[in-house]
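User: Here is a structure I would like to go through with you, one question at a time. Please keep the answers careful and explicit about cut-offs.

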Amino acid sequence: LFAELAGLGVVGLAQSEDIGGQGGGLADLVAVAEELGAALASAPIHATAVALAALEAAGTPAAASAVGRLVDGPSPATIALSEGGSWGADPETVMSGDAVSGTKMFVVDADVAALFVVSASTAEGRVVLVVVDAEASGVQVRPHESLDLTRRVSTVTFDAAPAVVVSDDAGEAIARALDVAAVLLGAEQVG
């Protein structure tokens with residue numbers, strides 16, 4: 001289903017054409033999410049849209065490159081923010097050099113994602129956003145059973161996994177991702 005929706009231009013629908021998206025907006029994604037909810041469809045569109053929203057909000061060339069990779073692939077992605085009770089504001093996951101280490105919980109569609117967008121802390125105390133290839137060394141995905149059979153969740157462990165920083169100050173990108181996640185989840189529920 002993901003490949004079919006991607007072929008219709010759904011992946012990158014809300015992203016600017018300047019970074020490889022379709023040039024639509026959140027309202028366009030809401031319409032798609034509502035229809036997917038009505039069909040009880042299980043496709044990583046929600047997770048990918050949230051990851052893309054964070055990357056676009058990061059606004060860096062590295063983030064734009066990741067958007068291009070996801071839209072051109074097309075490949076599913078997900079965002080990894082949660083560490084128990086924290087949603088990315090003060091992560092225990094650490095970015096050191098070019099590698100990220102830590103554990104993220106409740107990562108939606110991690111088992112099918114090609115790319116993870118991850119919040120991490122630096123030694124200087126900054127919260128950064130990084131991208132990690134799902135096939136990279138040091139990435140372990142452990143799926144969990146969920147009450148919602150249309151939404152797969154996993155715990156993802158990063159053990160010195162190679163990562164690329166896409167935002168040196170991730171606050172705005174994380175806030176945007178959480179906003180988009182809430183809106184799209186609401187639209188799915190309406191459907």
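User: Into how many nonpolar, polar and charged residues does the lining of the largest pocket divide?

Analyst: This is a predicted model, in which local features need pLDDT of at least 70 and side-chain atom pairs count only at pLDDT 80 or more, while totals for chains, interfaces and linings use all residues. Residues are numbered from 1 along each chain as its sequence is written, and side-chain values use heavy atoms, with hydrogens and water left out. Counting Ala, Val, Leu, Ile, Met, Phe, Trp, Tyr, Cys and Pro as nonpolar, Asp, Glu, Lys and Arg as charged, and the others, Gly among them, as polar, the lining divides into 14 nonpolar, 3 polar and 1 charged.

User: Which parts do arginine 69 and aspartate 133 tie together, and how many residues apart are they in sequence?

Analyst: The two side chains meet in a salt bridge at 2.9 Å, N to O (a side-chain nitrogen of Lys or Arg within 4 Å of a carboxyl oxygen of Asp or Glu). Arginine 69 lies in helix 4 and aspartate 133 in strand 7 (DSSP runs numbered from the N terminus, helices being H or I of at least four residues and strands E of at least two), so the pair ties together parts whose separation in sequence is 64 residues.

User: Is glutamate 124 buried or exposed?

Analyst: The side chain of glutamate 124 meets that of arginine 126 in a salt bridge at 3.4 Å, N to O. Buried means under 20% relative accessible area, exposed over 50%, and partly exposed in between, with a 1.4 Å probe and protein chains only. Because its relative accessible area is 60%, glutamate 124 is exposed.
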